[in-house]
Amino acid sequence: MSVSHIAVDRICSRLSDGKPLPRSRFVPELSYGRHRGPVGLSSRIAAVAVTLYRCPRDGWVIPLTRRPQSLQHHGGQVCLPGGRVEPGESMSEAAFREFREELGVNANVLQRCGELSPLYVCASNNFVHPVVAVIDRPDPWKPDPVEVDQVIALPVAHLTESRFAGLTGAVSQNQWVKRRGVMTDAGEVDQLRFSAPAFDYQGHLIWGATALILDQLAQILLEEG
């Protein structure tokens, strides 16, 4: 499926019509308390920027970032640019500020589309709000090396082709086995092992909150009507 201006307009319309959004299918096996369940009172409010721009070669793309392995939270993972919402900021203001801080360029917003479903990320204790917008094609990236190891331009068409989004409802996924330590005051006493659905783009494995957000966007694009 090619992604046209009409399809992008559909995203904007769908995020403002008040109807329930489709539920993502990329939920890890161990999800309650990670991406489902009540959000803790101590959780931080965060926002991520789901931005689309036109690339002459790949059509509509979404910029993602790969985090350095040295970071404590989500080291080495592919993420959407974003972070904590500061006092007095709206979700959009926080998302686009983090975009600028991480990628080194302003998000020149052409059209604000709305928000996808918020979700809780246990590993960083963040309640994340995905803000969707159409932006002008950025200048060359100037990523912050402390936060960004690589900028990845993910074609939106990759989300809507049958081998990922499943035009017939059958999602093609890699099942990635993850391990999480069980910690006590004495240190790690055991490990939890669980599978997490993921998809691959040019050798980059995308899973967790980022895959959940992108899959919801893909389902909106694939909705009939």
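Cys 79 is buried, with a relative accessible area of 12%. Cys 12 is likewise buried, at 10%, and a search of the whole structure finds zero disulfides. These statements concern a predicted model, in which the protein has five helices and eleven strands. The average pLDDT of the protein is 81, and 74% of the residues score at least 70.

**Confidence**

- Confidence in the protein is highest in helix α2 (residues 91-103), with a mean pLDDT of 97, and lowest in helix α4 (residues 162-165), with a mean of 46.
- Residues 162-172 have a pLDDT below 50, and this stretch has 24 contacts in the model beyond near neighbours in sequence.
- Residues 31-35 stay under a pLDDT of 50, and the model gives them 18 contacts beyond four places in sequence.

**Overall architecture**

- Of the 225 residues in the protein, 47% are buried.
- The protein exposes about 11400 Å², of which carbon and sulfur atoms supply 49%.
- Among contacts between residues at least 6 apart in sequence, 68% join residues at least 24 apart.

**Helix α1 and its packing**

- Helix α1 covers residues 5-14, and its buried residues are Ala 7, Val 8, Ile 11, Cys 12 and Arg 14.
- These buried residues pack against four strands and a helix, namely β1 (44-55), β2 (59-66), β5 (109-115), β7 (126-135) and α5 (208-222).
- Cys 12, one of the buried residues of α1, has a relative accessible area of 10%, and it counts as buried because the cut-off is 20%.

**Salt bridges**

- Seven salt bridges are found in a search of the whole structure.
- Arg 57 and Asp 58 meet through their side chains in a salt bridge, at 3.1 Å from N to O.
- Within this pair, Arg 57 is exposed, with a relative accessible area of 72%, whereas Asp 58 is partly exposed, at 26%.
- Asp 149 and Arg 66 form another salt bridge, in which the closest N and O atoms are 2.4 Å apart.
- This pair links distant parts of the chain, since Asp 149 lies in the loop between β7 and β8 (150-155) and Arg 66 lies in strand β2, 83 residues apart.
- Both partners are partly exposed: Asp 149 has a relative accessible area of 43%, and Arg 66 has one of 26%.
- Arg 97 and Glu 89 also meet in a salt bridge, with an N to O distance of 2.6 Å.
- Salt bridges that share partners join Glu 89 and Arg 97 with Glu 98 and Glu 101 into one network.
- In this network, Arg 97 is buried, with a relative accessible area of 13%, while Glu 89 counts as partly exposed at 22%.

**Glu 102, a buried charge without a salt bridge**

- Glu 102 lies in helix α2, the helix with the highest confidence in the protein.
- Glu 102 is buried and has no salt bridge, the nearest side chain of opposite charge being that of Arg 67, 5.1 Å away.
- That separation exceeds the 4 Å limit for a salt bridge, so Arg 67 and Glu 102 do not form one.
- Beyond its neighbours within four places in sequence, Glu 102 is in contact with Thr 65, Pro 81, Gly 82, Pro 143, Asp 144, Glu 147 and Val 148.
- Among these contacts of Glu 102 are two acidic residues, Asp 144 and Glu 147.

**Residues brought together from distant parts of the sequence**

- Pro 197 is placed in strand β10 (residues 187-201) and is buried, with a relative accessible area of 4%.
- Pro 197 and Val 27 are separated by 170 residues in sequence, yet their C-alpha atoms are 6.8 Å apart in space.
- Glu 223 is found in the segment after α5 and counts as partly exposed, at 26% relative accessibility.
- Glu 223 and Pro 22 are 201 residues apart in sequence, with a C-alpha to C-alpha distance of 9.2 Å.
- Leaving aside neighbours within four places in sequence, Glu 223 is in contact with Pro 22, Arg 10 and Arg 14.
- Arg 14, one of these contacts of Glu 223, is also among the buried residues of helix α1.

Technical notes
Residues are numbered from 1 along each chain as its sequence is written. This is a predicted model: local features need pLDDT of at least 70, side-chain atom pairs count only at pLDDT 80 or more; totals for chains, interfaces and linings use all residues. Side-chain values use heavy atoms; hydrogens and water are left out. pLDDT is the predictor's confidence in each residue, from 0 to 100. Helices (H or I, at least four residues) and strands (E, at least two) are DSSP runs, numbered from the N terminus. Contact means heavy atoms within 4.5 Å. Buried means under 20% relative accessible area, exposed over 50%, partly exposed in between (1.4 Å probe, protein chains only). A disulfide is a pair of cysteine sulfur atoms within 2.5 Å. Accessible areas come from the Shrake-Rupley method with a 1.4 Å probe; for residues, only the protein chains shown count as cover.
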